[in-house]
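Student: I'm new to this structure and would like a close look at just one part. Could you take me to the place where the ligand sits, and then show me what lies around that region?

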Amino acid sequence: LALPLTPAETDRLRRHAAAVLLGNWTGAATVPSRTLYPHQWSWDSAFIAIGLRHLSVRRAQRELETLLGAQWGDGRLPHIVFNPAVPRDAYFPSTDFWRSSTAGAAAGAPARTETSGIVQPPVHALAAWLVHQADPAASERRGFLRRAYPRLAAWHDYLTGSRDLGGAGLTANVHPWEPGMDNSPCWDGPLARVEPAPPDSFRRADLVHGDPADRPTDLDYGRYVKLAADYRDRGYADTGHAFAVEDPAANALLIASEYALAEIAAAAGADPAPHWHRADRLTSALVDRLWDAEGGIFRCRDLISGELIDERSVSGLLPLIVPGLPGRVVEGLLATLSGDHFRLGELPLVASYDLKGRSFDPARYWRGPAWFNTAWLIERGLRLHGAEDRADALRAAVLAWAGRSGFAEYVDPFTGKARGTRDFSWTAALALDLAA
Ligand code: 9WN
(Lines give C-alpha, C1' and ligand atoms only; values in the text may rest on other atoms or scores of the structure.)
Protein backbone atom coordinates (compact mmCIF):
# COMPACT_ATOMS: atom_id res chain seq x y z
CA LEU A 1 0.00 0.00 0.00
CA ALA A 2 1.09 3.54 -0.72
CA LEU A 3 2.49 5.66 2.07
CA PRO A 4 1.69 9.38 1.94
CA LEU A 5 4.37 11.28 -0.01
CA THR A 6 6.80 13.49 1.89
CA PRO A 7 6.58 17.24 1.14
CA ALA A 8 9.68 16.97 -1.07
CA GLU A 9 8.19 14.04 -2.99
CA THR A 10 4.90 15.89 -3.40
CA ASP A 11 6.78 18.85 -4.76
CA ARG A 12 8.63 16.69 -7.26
CA LEU A 13 5.37 15.04 -8.34
CA ARG A 14 3.76 18.45 -8.86
CA ARG A 15 6.63 19.57 -11.04
CA HIS A 16 6.49 16.39 -13.14
CA ALA A 17 2.72 16.62 -13.51
CA ALA A 18 2.99 20.26 -14.57
CA ALA A 19 5.66 19.33 -17.14
CA VAL A 20 3.35 16.66 -18.63
CA LEU A 21 0.49 19.14 -18.93
CA LEU A 22 2.67 21.84 -20.44
CA GLY A 23 4.08 19.31 -22.91
CA ASN A 24 0.59 18.24 -23.99
CA TRP A 25 -0.74 21.79 -24.39
CA THR A 26 -1.35 22.74 -28.04
CA GLY A 27 -2.11 26.44 -27.66
CA ALA A 28 -5.88 26.14 -27.30
CA ALA A 29 -6.36 22.83 -25.48
CA THR A 30 -4.49 19.82 -24.13
CA VAL A 31 -4.17 16.49 -25.93
CA PRO A 32 -4.73 13.41 -23.73
CA SER A 33 -1.52 11.97 -25.19
CA ARG A 34 0.86 13.28 -27.86
CA THR A 35 1.01 9.85 -29.51
CA LEU A 36 -2.21 7.89 -28.95
CA TYR A 37 -4.76 10.73 -28.74
CA PRO A 38 -3.48 13.78 -30.63
CA HIS A 39 -6.71 15.88 -30.58
CA GLN A 40 -8.96 17.33 -27.88
CA TRP A 41 -11.22 14.88 -26.03
CA SER A 42 -14.31 15.97 -24.17
CA TRP A 43 -14.22 14.42 -20.71
CA ASP A 44 -10.43 14.46 -20.74
CA SER A 45 -10.54 18.24 -21.09
CA ALA A 46 -12.83 18.52 -18.09
CA PHE A 47 -10.46 16.48 -15.91
CA ILE A 48 -7.49 18.33 -17.36
CA ALA A 49 -9.03 21.73 -16.53
CA ILE A 50 -9.49 20.59 -12.93
CA GLY A 51 -5.72 20.08 -12.72
CA LEU A 52 -4.71 23.02 -14.89
CA ARG A 53 -6.50 25.43 -12.56
CA HIS A 54 -3.60 24.93 -10.13
CA LEU A 55 -1.11 26.05 -12.79
CA SER A 56 -3.06 28.72 -14.66
CA VAL A 57 -6.72 29.55 -14.18
CA ARG A 58 -6.68 31.33 -17.52
CA ARG A 59 -5.45 28.23 -19.31
CA ALA A 60 -7.99 26.02 -17.53
CA GLN A 61 -10.76 28.35 -18.70
CA ARG A 62 -9.37 28.25 -22.22
CA GLU A 63 -9.34 24.44 -22.20
CA LEU A 64 -13.07 24.37 -21.48
CA GLU A 65 -13.89 27.29 -23.78
CA THR A 66 -12.22 25.58 -26.73
CA LEU A 67 -14.42 22.55 -26.22
CA LEU A 68 -17.55 24.65 -25.65
CA GLY A 69 -16.70 26.52 -28.84
CA ALA A 70 -17.19 23.27 -30.79
CA GLN A 71 -20.70 22.73 -29.41
CA TRP A 72 -23.38 21.68 -31.89
CA GLY A 73 -26.60 23.65 -32.38
CA ASP A 74 -28.60 20.86 -30.72
CA GLY A 75 -26.50 21.27 -27.58
CA ARG A 76 -24.23 18.24 -27.86
CA LEU A 77 -20.57 18.58 -26.96
CA PRO A 78 -18.59 16.34 -29.30
CA HIS A 79 -16.28 13.73 -27.83
CA ILE A 80 -13.39 14.81 -30.07
CA VAL A 81 -12.51 18.24 -31.44
CA PHE A 82 -10.02 17.68 -34.25
CA ASN A 83 -6.86 19.72 -34.60
CA PRO A 84 -6.52 20.52 -38.31
CA ALA A 85 -2.73 20.71 -37.97
CA VAL A 86 -2.49 17.00 -37.09
CA PRO A 87 -2.19 14.55 -40.04
CA ARG A 88 -5.39 12.62 -40.72
CA ASP A 89 -3.83 9.19 -40.28
CA ALA A 90 -2.56 10.00 -36.77
CA TYR A 91 -5.87 8.87 -35.22
CA PHE A 92 -8.69 6.65 -36.36
CA PRO A 93 -11.53 7.45 -36.87
CA SER A 94 -10.60 10.88 -38.18
CA THR A 95 -12.42 13.80 -39.81
CA ASP A 96 -12.99 11.93 -43.10
CA PHE A 97 -14.94 9.33 -41.13
CA TRP A 98 -17.10 11.59 -38.93
CA ARG A 99 -17.59 14.34 -41.58
CA SER A 100 -19.34 16.42 -38.92
CA SER A 101 -19.56 19.73 -40.79
CA THR A 102 -21.56 18.10 -43.58
CA ALA A 103 -23.17 14.94 -42.13
CA GLY A 104 -23.99 16.77 -38.88
CA ALA A 105 -25.31 19.96 -40.45
CA ALA A 106 -28.97 19.21 -39.64
CA ALA A 107 -28.01 18.70 -35.97
CA GLY A 108 -26.14 22.01 -35.99
CA ALA A 109 -22.54 20.80 -36.18
CA PRO A 110 -20.09 23.69 -36.51
CA ALA A 111 -19.25 24.60 -40.10
CA ARG A 112 -15.59 25.42 -39.57
CA THR A 113 -14.47 23.00 -36.86
CA GLU A 114 -14.39 19.25 -37.45
CA THR A 115 -15.53 17.07 -34.56
CA SER A 116 -16.84 13.59 -33.85
CA GLY A 117 -20.63 13.21 -33.58
CA ILE A 118 -20.91 11.28 -30.32
CA VAL A 119 -20.55 12.53 -26.74
CA GLN A 120 -18.71 11.67 -23.53
CA PRO A 121 -19.72 11.95 -19.86
CA PRO A 122 -20.68 15.49 -18.77
CA VAL A 123 -17.94 16.42 -16.29
CA HIS A 124 -17.79 19.93 -17.74
CA ALA A 125 -20.05 21.97 -15.48
CA LEU A 126 -18.35 20.43 -12.46
CA ALA A 127 -14.99 21.34 -13.98
CA ALA A 128 -16.12 24.89 -14.83
CA TRP A 129 -17.29 25.42 -11.26
CA LEU A 130 -14.01 24.10 -9.81
CA VAL A 131 -12.02 26.28 -12.21
CA HIS A 132 -14.09 29.30 -11.15
CA GLN A 133 -13.53 28.53 -7.50
CA ALA A 134 -9.76 28.52 -7.98
CA ASP A 135 -9.88 32.29 -8.52
CA PRO A 136 -13.43 33.71 -8.39
CA ALA A 137 -12.29 37.31 -8.87
CA ALA A 138 -10.32 36.55 -12.05
CA SER A 139 -13.17 34.40 -13.32
CA GLU A 140 -15.63 37.22 -12.65
CA ARG A 141 -13.43 39.75 -14.46
CA ARG A 142 -13.36 37.62 -17.61
CA GLY A 143 -17.08 36.81 -17.40
CA PHE A 144 -16.09 33.13 -17.54
CA LEU A 145 -19.25 31.71 -15.98
CA ARG A 146 -21.60 34.13 -17.72
CA ARG A 147 -20.29 32.94 -21.09
CA ALA A 148 -20.08 29.26 -20.16
CA TYR A 149 -23.48 29.03 -18.49
CA PRO A 150 -25.81 29.03 -21.56
CA ARG A 151 -23.61 26.50 -23.33
CA LEU A 152 -23.43 24.17 -20.35
CA ALA A 153 -27.19 24.49 -19.84
CA ALA A 154 -27.82 23.63 -23.52
CA TRP A 155 -25.50 20.62 -23.14
CA HIS A 156 -27.49 19.28 -20.20
CA ASP A 157 -30.75 19.99 -22.05
CA TYR A 158 -29.53 17.84 -24.93
CA LEU A 159 -28.55 14.99 -22.60
CA THR A 160 -31.83 15.04 -20.71
CA GLY A 161 -33.95 15.77 -23.81
CA SER A 162 -33.02 14.03 -27.08
CA ARG A 163 -30.90 11.56 -25.14
CA ASP A 164 -33.56 10.41 -22.68
CA LEU A 165 -34.03 7.40 -24.93
CA GLY A 166 -35.51 5.21 -22.19
CA GLY A 167 -38.14 7.85 -21.40
CA ALA A 168 -37.54 7.48 -17.67
CA GLY A 169 -35.52 10.64 -17.06
CA LEU A 170 -31.96 9.33 -17.45
CA THR A 171 -29.49 10.12 -20.22
CA ALA A 172 -28.59 7.29 -22.61
CA ASN A 173 -25.40 6.49 -24.51
CA VAL A 174 -25.54 5.26 -28.08
CA HIS A 175 -21.96 4.10 -28.63
CA PRO A 176 -19.44 2.33 -26.35
CA TRP A 177 -17.08 5.32 -26.73
CA GLU A 178 -19.70 7.57 -25.14
CA PRO A 179 -19.52 6.44 -21.50
CA GLY A 180 -15.73 6.71 -21.90
CA MET A 181 -15.17 3.07 -20.84
CA ASP A 182 -15.00 1.74 -24.37
CA ASN A 183 -14.56 -2.01 -24.02
CA SER A 184 -16.21 -2.49 -20.62
CA PRO A 185 -17.67 -6.02 -20.36
CA CYS A 186 -21.02 -4.27 -19.78
CA TRP A 187 -21.19 -3.64 -23.51
CA ASP A 188 -20.42 -7.22 -24.64
CA GLY A 189 -24.09 -8.23 -24.62
CA PRO A 190 -25.52 -5.12 -26.33
CA LEU A 191 -22.66 -5.17 -28.86
CA ALA A 192 -23.18 -8.83 -29.76
CA ARG A 193 -26.23 -7.76 -31.77
CA VAL A 194 -24.16 -5.41 -33.94
CA GLU A 195 -22.81 -6.76 -37.22
CA PRO A 196 -19.16 -5.56 -37.28
CA ALA A 197 -17.82 -3.49 -40.18
CA PRO A 198 -15.52 -5.68 -42.34
CA PRO A 199 -11.92 -5.61 -40.98
CA ASP A 200 -10.54 -4.38 -44.32
CA SER A 201 -12.88 -1.37 -44.38
CA PHE A 202 -10.82 0.64 -41.81
CA ARG A 203 -7.29 0.92 -40.45
CA ARG A 204 -6.68 1.25 -36.70
CA ALA A 205 -4.10 3.88 -35.76
CA ASP A 206 -4.04 3.01 -32.04
CA LEU A 207 -1.94 -0.13 -32.56
CA VAL A 208 0.92 1.96 -33.94
CA HIS A 209 1.44 3.33 -30.42
CA GLY A 210 -0.45 0.93 -28.14
CA ASP A 211 0.24 -2.69 -27.16
CA PRO A 212 -2.53 -4.87 -28.71
CA ALA A 213 -2.87 -6.72 -25.35
CA ASP A 214 -3.77 -3.41 -23.65
CA ARG A 215 -6.28 -2.26 -26.28
CA PRO A 216 -9.77 -3.30 -27.46
CA THR A 217 -9.88 -6.19 -29.95
CA ASP A 218 -10.37 -5.90 -33.74
CA LEU A 219 -13.86 -7.37 -33.35
CA ASP A 220 -14.75 -4.57 -30.88
CA TYR A 221 -13.41 -2.03 -33.36
CA GLY A 222 -15.49 -3.48 -36.20
CA ARG A 223 -18.59 -2.91 -34.10
CA TYR A 224 -17.54 0.59 -32.96
CA VAL A 225 -17.05 1.55 -36.61
CA LYS A 226 -20.40 0.13 -37.70
CA LEU A 227 -22.35 1.95 -34.96
CA ALA A 228 -20.63 5.28 -35.58
CA ALA A 229 -21.01 5.04 -39.37
CA ASP A 230 -24.72 4.27 -39.03
CA TYR A 231 -25.21 7.23 -36.69
CA ARG A 232 -23.39 9.49 -39.13
CA ASP A 233 -25.45 8.18 -42.05
CA ARG A 234 -28.62 9.07 -40.13
CA GLY A 235 -27.34 12.65 -39.87
CA TYR A 236 -26.54 12.09 -36.16
CA ALA A 237 -30.27 12.04 -35.44
CA ASP A 238 -31.20 10.43 -32.11
CA THR A 239 -33.63 7.85 -33.43
CA GLY A 240 -33.20 4.27 -34.54
CA HIS A 241 -30.15 3.44 -32.39
CA ALA A 242 -29.04 -0.22 -32.45
CA PHE A 243 -27.07 0.32 -29.22
CA ALA A 244 -28.56 2.31 -26.35
CA VAL A 245 -27.63 1.99 -22.69
CA GLU A 246 -28.11 3.88 -19.45
CA ASP A 247 -24.75 4.10 -17.75
CA PRO A 248 -24.55 4.83 -14.00
CA ALA A 249 -21.33 6.85 -14.22
CA ALA A 250 -22.52 9.07 -17.08
CA ASN A 251 -25.71 9.78 -15.14
CA ALA A 252 -23.90 10.31 -11.85
CA LEU A 253 -21.55 12.80 -13.51
CA LEU A 254 -24.56 14.53 -15.03
CA ILE A 255 -26.07 14.87 -11.56
CA ALA A 256 -22.86 16.19 -10.00
CA SER A 257 -22.57 18.61 -12.92
CA GLU A 258 -26.20 19.65 -12.63
CA TYR A 259 -25.57 20.67 -9.00
CA ALA A 260 -22.53 22.59 -10.19
CA LEU A 261 -24.68 24.18 -12.89
CA ALA A 262 -27.04 25.44 -10.20
CA GLU A 263 -24.07 27.18 -8.54
CA ILE A 264 -22.94 28.53 -11.90
CA ALA A 265 -26.45 29.81 -12.68
CA ALA A 266 -26.60 31.66 -9.38
CA ALA A 267 -23.14 33.18 -9.90
CA ALA A 268 -24.09 34.18 -13.46
CA GLY A 269 -27.27 35.91 -12.30
CA ALA A 270 -29.67 33.17 -13.49
CA ASP A 271 -32.15 31.07 -11.52
CA PRO A 272 -30.53 28.00 -9.94
CA ALA A 273 -33.84 26.33 -8.99
CA PRO A 274 -34.49 24.41 -12.24
CA HIS A 275 -31.04 22.84 -11.90
CA TRP A 276 -31.60 21.75 -8.30
CA HIS A 277 -34.89 20.17 -9.35
CA ARG A 278 -33.38 18.42 -12.34
CA ALA A 279 -30.54 17.06 -10.20
CA ASP A 280 -33.08 15.71 -7.69
CA ARG A 281 -35.19 14.10 -10.43
CA LEU A 282 -32.13 12.53 -12.02
CA THR A 283 -31.04 11.14 -8.64
CA SER A 284 -34.42 9.47 -8.07
CA ALA A 285 -34.40 8.03 -11.58
CA LEU A 286 -30.83 6.77 -11.15
CA VAL A 287 -31.73 4.90 -7.96
CA ASP A 288 -35.07 3.61 -9.29
CA ARG A 289 -33.73 2.45 -12.62
CA LEU A 290 -30.17 1.27 -11.98
CA TRP A 291 -29.61 0.44 -8.29
CA ASP A 292 -29.23 -3.26 -7.54
CA ALA A 293 -29.75 -3.52 -3.78
CA GLU A 294 -28.75 -7.16 -3.63
CA GLY A 295 -25.52 -6.64 -5.57
CA GLY A 296 -24.74 -3.38 -3.72
CA ILE A 297 -23.87 -1.68 -7.01
CA PHE A 298 -25.49 0.32 -9.81
CA ARG A 299 -25.95 -1.63 -13.04
CA CYS A 300 -26.03 -0.50 -16.64
CA ARG A 301 -29.34 -0.90 -18.41
CA ASP A 302 -29.59 -2.18 -21.98
CA LEU A 303 -32.40 -0.12 -23.50
CA ILE A 304 -32.83 -2.47 -26.47
CA SER A 305 -33.66 -5.51 -24.30
CA GLY A 306 -34.86 -3.37 -21.39
CA GLU A 307 -32.79 -5.50 -18.98
CA LEU A 308 -30.17 -4.58 -16.39
CA ILE A 309 -26.74 -5.87 -17.41
CA ASP A 310 -25.35 -8.52 -15.09
CA GLU A 311 -21.81 -7.16 -14.74
CA ARG A 312 -20.04 -5.22 -12.00
CA SER A 313 -18.13 -2.27 -13.43
CA VAL A 314 -16.45 0.63 -11.66
CA SER A 315 -19.11 2.69 -13.43
CA GLY A 316 -21.60 1.24 -10.94
CA LEU A 317 -19.59 2.63 -8.01
CA LEU A 318 -19.14 6.17 -9.34
CA PRO A 319 -22.61 7.34 -8.20
CA LEU A 320 -20.84 7.72 -4.85
CA ILE A 321 -20.17 11.29 -6.07
CA VAL A 322 -23.91 12.05 -5.94
CA PRO A 323 -24.78 14.10 -2.84
CA GLY A 324 -28.45 13.14 -2.40
CA LEU A 325 -28.19 9.35 -2.36
CA PRO A 326 -30.29 7.42 0.18
CA GLY A 327 -28.18 6.23 3.16
CA ARG A 328 -28.77 2.54 2.38
CA VAL A 329 -27.34 3.06 -1.13
CA VAL A 330 -24.22 4.78 0.20
CA GLU A 331 -23.71 1.96 2.71
CA GLY A 332 -24.14 -0.61 -0.06
CA LEU A 333 -21.60 1.12 -2.29
CA LEU A 334 -19.05 1.44 0.51
CA ALA A 335 -19.42 -2.26 1.33
CA THR A 336 -19.00 -3.27 -2.32
CA LEU A 337 -15.93 -1.08 -2.74
CA SER A 338 -14.22 -2.77 0.21
CA GLY A 339 -15.55 -6.25 -0.59
CA ASP A 340 -13.85 -8.93 -2.67
CA HIS A 341 -15.03 -7.63 -6.06
CA PHE A 342 -12.98 -4.39 -5.79
CA ARG A 343 -10.86 -4.63 -2.59
CA LEU A 344 -10.46 -0.91 -1.93
CA GLY A 345 -7.61 -0.29 0.49
CA GLU A 346 -5.96 -3.65 -0.24
CA LEU A 347 -4.98 -3.07 -3.88
CA PRO A 348 -3.27 -0.04 -5.47
CA LEU A 349 -6.34 1.86 -6.80
CA VAL A 350 -9.79 0.58 -7.88
CA ALA A 351 -10.14 -1.91 -10.76
CA SER A 352 -12.30 -0.85 -13.69
CA TYR A 353 -14.13 -4.16 -13.55
CA ASP A 354 -15.06 -6.90 -11.07
CA LEU A 355 -11.86 -8.69 -9.96
CA LYS A 356 -13.90 -11.91 -9.86
CA GLY A 357 -15.85 -11.23 -13.07
CA ARG A 358 -15.88 -13.77 -15.91
CA SER A 359 -14.39 -11.22 -18.34
CA PHE A 360 -11.75 -9.80 -16.01
CA ASP A 361 -8.40 -9.07 -17.71
CA PRO A 362 -5.76 -7.10 -15.74
CA ALA A 363 -4.20 -5.65 -18.91
CA ARG A 364 -7.00 -4.82 -21.30
CA TYR A 365 -8.15 -1.23 -21.00
CA TRP A 366 -11.56 -1.05 -19.26
CA ARG A 367 -11.81 -4.78 -18.51
CA GLY A 368 -9.80 -4.73 -15.28
CA PRO A 369 -6.98 -2.13 -15.19
CA ALA A 370 -7.28 0.69 -12.67
CA TRP A 371 -7.68 4.24 -14.02
CA PHE A 372 -6.88 7.53 -12.32
CA ASN A 373 -10.04 9.45 -13.22
CA THR A 374 -12.24 6.83 -11.58
CA ALA A 375 -9.98 6.83 -8.51
CA TRP A 376 -10.23 10.64 -8.33
CA LEU A 377 -14.03 10.44 -8.48
CA ILE A 378 -14.22 7.73 -5.84
CA GLU A 379 -11.90 9.73 -3.60
CA ARG A 380 -14.31 12.64 -3.93
CA GLY A 381 -17.31 10.42 -3.24
CA LEU A 382 -15.72 8.88 -0.16
CA ARG A 383 -14.99 12.33 1.23
CA LEU A 384 -18.49 13.57 0.38
CA HIS A 385 -20.03 10.73 2.38
CA GLY A 386 -17.72 11.10 5.36
CA ALA A 387 -15.39 8.14 4.71
CA GLU A 388 -12.37 10.38 5.31
CA ASP A 389 -9.86 7.66 6.18
CA ARG A 390 -10.55 5.70 3.03
CA ALA A 391 -10.45 8.91 1.01
CA ASP A 392 -7.07 9.84 2.51
CA ALA A 393 -5.67 6.41 1.69
CA LEU A 394 -6.94 6.54 -1.89
CA ARG A 395 -5.54 10.03 -2.33
CA ALA A 396 -2.11 8.82 -1.18
CA ALA A 397 -2.42 5.89 -3.58
CA VAL A 398 -3.28 8.11 -6.57
CA LEU A 399 -0.27 10.31 -5.88
CA ALA A 400 2.11 7.39 -5.40
CA TRP A 401 1.01 5.36 -8.45
CA ALA A 402 0.65 8.35 -10.74
CA GLY A 403 4.29 9.26 -10.13
CA ARG A 404 5.67 5.71 -10.13
CA SER A 405 3.86 4.81 -13.35
CA GLY A 406 5.12 7.86 -15.26
CA PHE A 407 1.54 9.23 -15.36
CA ALA A 408 0.28 6.10 -17.06
CA GLU A 409 -3.08 5.94 -18.74
CA TYR A 410 -3.98 2.98 -16.50
CA VAL A 411 -2.24 0.45 -14.28
CA ASP A 412 -2.44 -3.24 -13.48
CA PRO A 413 -5.04 -3.40 -10.68
CA PHE A 414 -2.96 -5.85 -8.59
CA THR A 415 0.59 -4.57 -9.04
CA GLY A 416 0.21 -0.93 -10.10
CA LYS A 417 2.43 -1.64 -13.12
CA ALA A 418 2.01 1.01 -15.83
CA ARG A 419 -0.15 0.14 -18.83
CA GLY A 420 -1.34 2.03 -21.90
CA THR A 421 0.30 5.29 -22.84
CA ARG A 422 2.53 7.39 -20.49
CA ASP A 423 2.49 11.13 -19.80
CA PHE A 424 -1.27 10.85 -19.96
CA SER A 425 -2.86 14.22 -19.31
CA TRP A 426 -5.73 13.42 -16.94
CA THR A 427 -3.45 11.27 -14.78
CA ALA A 428 -1.12 14.26 -14.40
CA ALA A 429 -3.97 16.74 -13.95
CA LEU A 430 -5.82 14.78 -11.30
CA ALA A 431 -2.63 13.96 -9.40
CA LEU A 432 -1.87 17.67 -9.45
CA ASP A 433 -5.33 18.38 -8.08
CA LEU A 434 -4.96 15.91 -5.24
CA ALA A 435 -1.45 17.16 -4.47
CA ALA A 436 -2.62 20.77 -4.22
C1 9WN B 1 -12.01 6.71 -27.95
C2 9WN B 1 -8.91 9.84 -24.66
C3 9WN B 1 -9.93 8.73 -24.63
C4 9WN B 1 -10.69 8.66 -23.30
C5 9WN B 1 -11.55 7.41 -23.20
C6 9WN B 1 -10.66 6.20 -23.45
C7 9WN B 1 -10.00 6.32 -24.83
C8 9WN B 1 -10.68 6.58 -27.21
C9 9WN B 1 -9.82 5.54 -27.89
O10 9WN B 1 -9.23 7.51 -24.89
O11 9WN B 1 -10.99 6.28 -25.84
O12 9WN B 1 -12.71 7.82 -27.46
O13 9WN B 1 -9.38 5.78 -29.02
O14 9WN B 1 -9.59 4.47 -27.30
O15 9WN B 1 -11.40 5.01 -23.37
O16 9WN B 1 -12.15 7.33 -21.94
O17 9WN B 1 -11.51 9.78 -23.19
O18 9WN B 1 -8.09 9.77 -23.54
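Tutor: Sure, let's start with the shell around the ligand: by class, 5 of its residues are nonpolar, 2 are polar and 3 are charged. Keep in mind that this is a predicted model. The residues around the ligand are Pro-32, Tyr-37, Trp-41, Trp-43, Asp-44, His-79, Trp-177, Gly-180, Asp-182 and Asp-206.

Now put that list next to the record. UniProt, in an unreviewed entry, places a domain called "Mannosylglycerate hydrolase MGH1-like glycoside hydrolase" at residues 37–427. That span is 45% helix and 5% strand, and its end C-alpha atoms lie 14 Å apart.

One helix to look at here is H3, residues 57–68. Its 12 residues reach 17 Å from the first C-alpha to the last, close to the expected 16 Å. Val-57, Ala-60, Gln-61, Arg-62, Glu-63, Leu-64 and Leu-67 are buried in H3. The buried residues of H3 pack against several elements, including strand S1 (40–41), helix H2 (42–52) and strand S2 (80–81). Helices H6 (124–134), H7 (136–142) and H8 (144–160) are also among the partners of those buried residues.

Finally, step back to the largest nonpolar core, which has 138 residues. Helix H12 (residues 248–267) gives the most to this core, with 13 residues. Ala-431 is one of the residues with the most contacts inside the core. Leaving aside neighbours within four places in sequence, Ala-431 is in contact with Leu-13, Ala-17, Val-398, Leu-399 and Ala-402.

Terms used:
Residues numbered from 1 in each chain as written. Predicted model: local features only at pLDDT ≥ 70, side-chain atom pairs only at ≥ 80, totals over all residues. Core = buried A, V, L, I, M, F, W, Y, C linked by C-beta atoms within 7 Å. Buried ≥ 20, exposed ≤ 12 C-beta atoms within 10 Å, placed from the backbone. Helix = DSSP H or I, 4+ residues; strand = E, 2+ residues; numbered from the N terminus. Contact = placed C-beta atoms within 7 Å. UniProt positions renumbered as here; feature names shortened; annotations may be inferred. Expected span 1.5 Å × (residues − 1). Near = placed C-beta within 6 Å. Nonpolar A, V, L, I, M, F, W, Y, C, P; charged D, E, K, R; others polar.
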